[in-house]
Amino acid sequence: SGFGSIGHMDTMLRGRHHVGHYKEGEEFIQNVFHVLFQLFAGKEKSNLSICWLQYEISKIIQCLQRKKKKKLKAQGRKSKKLAKNLLKAPDNRNDLSLWKVYAYLEWLLGNMDDARKVFDTALCTAGTGGLKSPQLCSLALLYAQLEVELLESLEGAVTSRAVHVLTKLAESGPYVPYSGQVLSVNILKARKTYEHALQDYLSKTPSSDQDRVKDANQLVNLVGCYALFQYLTVGIDAAVLIYAQTSEKLEAPGPQKCENGGESFGFQDFPTALEGVTLLHTNLLRFHMKISVYPLNPLREALTEALKRYPSNQSLWRSYIHIQRKSHSASKARRFFDGVTRSTNSLEPWLFAIRAEQMRKKLIENVQRAEVGEIHSTIPETGLTNRIVALFEHAIQSENGTHCPLLWRMYLNFLV
């Protein structure tokens, strides 16, 4: 018993209760980590440590979503103990990626001050690589993003902690923790530095495949830092402009021969970078709409374009469903889902199309069961049920759908 819920059943409702991680299944996963941990060394061991902590974070997020305070406290204690033990290992002490995940864990548990201390310590000990260090860029970007999420509006954002972090990153000097103000002269210098760094990156040539992957990640982090910096110091349009310019460069048909005999990047080399940049772009637009008045159309257009190109990106589909929920007309979204499912073999568009219809059905049922009592007799809701069954049937007939246990379970669950 207990192994049935490993995998994707944890998202399903059983009666009124979510199916969570079973005790035996949890023990099994922990044992796997312990056994693997003795087999690896060096970089592989660090990567495994990060995976382990990310798994712990997934459990914390689950507790947060279910609003289980007691369980969150207990889970938080276990996860922090594990994180500290992992960081004590000699190989991991200077691993910025691991420090980053630990700081994020503290932040999710609501310990903002502790998380800031962890971020500051990591930045202080990281040296002066600045924008050239991928790990440092990635760490500073997460720190700034989390700080930005605390802002209620863009007023006074220029002197916020996020701007301080991003400015210090561009200076490539030793990091100094935030003291409550940011000098405008430093902001101007940082903007110039970011601009030049991005131009250099877009015109340089990666030598090997491994460098290409590294460069792709670094480019995404660099664009993220620069755009966030512009967003906080100038405004949303300045940030969107950077995303647009970078995407345009990455989409250029490539690789072409340059005059000096080298090659410039083309989109073929950098699909992962373009996907990462698109994700940052849509997330920033979603955040901006939350804290101020901004039209929905730019976000909708960005998402539809991105999903045609990356039909299996789950984060983009989640954002798309989220914005479609606000619209009273489902036909546009249905046409879009239909178009994407015809043009791709990936299963995600089917799963999210089904999810969107199920959410719509739930919404209608909640309205019908309002305080006036049950009114099923006057408005029978069979249209959506038939539509969802039809979507399941089509999805199961696709080659990937036939072999997807999650899809079959969802179908059975729905029919029950």
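Me: Let's start with helix α6. Which of the residues in α6 are buried?
Reply: In this predicted model, the buried ones are Leu136, Cys137, Ser138, Leu139, Ala140, Leu141, Leu142, Tyr143, Ala144, Leu146, Glu147 and Val148.

Me: What makes α6 largely enclosed by the rest of the structure?
Reply: It's a matter of counting: α6 has 16 residues and twelve of them are buried, so the rest of the structure largely encloses this helix.

Me: Okay, pick one. Why does serine 138 count as buried?
Reply: Serine 138 sits in helix α6. Buried means under 20% relative accessible area, and serine 138 has 16% relative accessibility, so it counts as buried. Leaving out residues up to four places away in sequence, serine 138 touches Lys100 and Asn221.

Me: How do you know that the reach of α6 is close to the expected one?
Reply: Set the two values side by side. Helix α6 covers residues 134-149 and reaches 23 Å from its first C-alpha to its last, while 22 Å is expected at 1.5 Å a residue.

Me: Now the other helices. Why is α2 called roughly parallel to α4?
Reply: The axes of α2 (residues 42-66) and α4 (residues 96-108) come within 10 Å and cross at roughly 15 degrees. Angles under 35 degrees count as roughly parallel, and that makes α2 roughly parallel to α4. Their crossing is left-handed.

Me: Which residues make that contact between α2 and α4?
Reply: On the α2 side you'll find Ser49, Ile50, Leu53, Gln54, Ile57, Ile60, Ile61 and Leu64. On the α4 side there are Ser97, Leu98, Val101, Tyr102, Tyr104, Leu105 and Leu108. Sorted by class, this contact has twelve nonpolar residues, three polar ones and no charged ones.

Me: And why are α3 and α4 called roughly antiparallel?
Reply: Helix α3 (residues 69-88) packs with α4 at an angle of about 160 degrees, the axes being 11 Å apart. The cut-off for roughly antiparallel is over 145 degrees, and α3 and α4 are therefore roughly antiparallel to each other. This crossing, too, is left-handed.

Me: What makes up the contact of α3 with α4?
Reply: From α3 come Ser79, Lys80, Ala83, Lys84, Leu86 and Leu87, and from α4 come Leu98, Trp99, Tyr102, Leu105 and Glu106. By class that's seven nonpolar, one polar and three charged residues.

Me: On to the loops. Why is lysine 67 called exposed?
Reply: Lysine 67 lies in the loop between α2 and α3. Exposed means over 50% relative accessible area, and lysine 67 has 71%, so it is exposed. Lysine 67 also has a positive phi of about 60 degrees, although it is not a glycine.

Me: What makes serine 172 count as partly exposed?
Reply: The relative accessibility of serine 172 is 32%. Buried is under 20% and exposed is over 50%, with partly exposed in between, so serine 172 counts as partly exposed. You'll find serine 172 in the loop between α7 (161-171) and α8 (184-203). Its phi is near 60 degrees, a positive value in a residue other than glycine.

Me: Last one: how many helices and strands are in the protein chain?
Reply: The chain has 18 helices and two strands. Of its 416 residues, 45% count as buried.

Terms used: Residues numbered from 1 in each chain as written. Predicted model: local features only at pLDDT ≥ 70, side-chain atom pairs only at ≥ 80, totals over all residues. Heavy atoms only, no water. Axes fitted to C-alpha atoms, helices over the stretch in contact; angles between N-to-C directions. Helix = DSSP H or I, 4+ residues; strand = E, 2+ residues; numbered from the N terminus. Parallel < 35°, antiparallel > 145°, perpendicular 65-115°, else oblique. Left-handed = near helix turned anticlockwise from the far one by under 90°. Contact = heavy atoms within 4.5 Å. Nonpolar A, V, L, I, M, F, W, Y, C, P; charged D, E, K, R; others polar. Expected span 1.5 Å × (residues − 1). Buried < 20%, exposed > 50% of the residue type's maximum accessible area, 1.4 Å probe, protein only.
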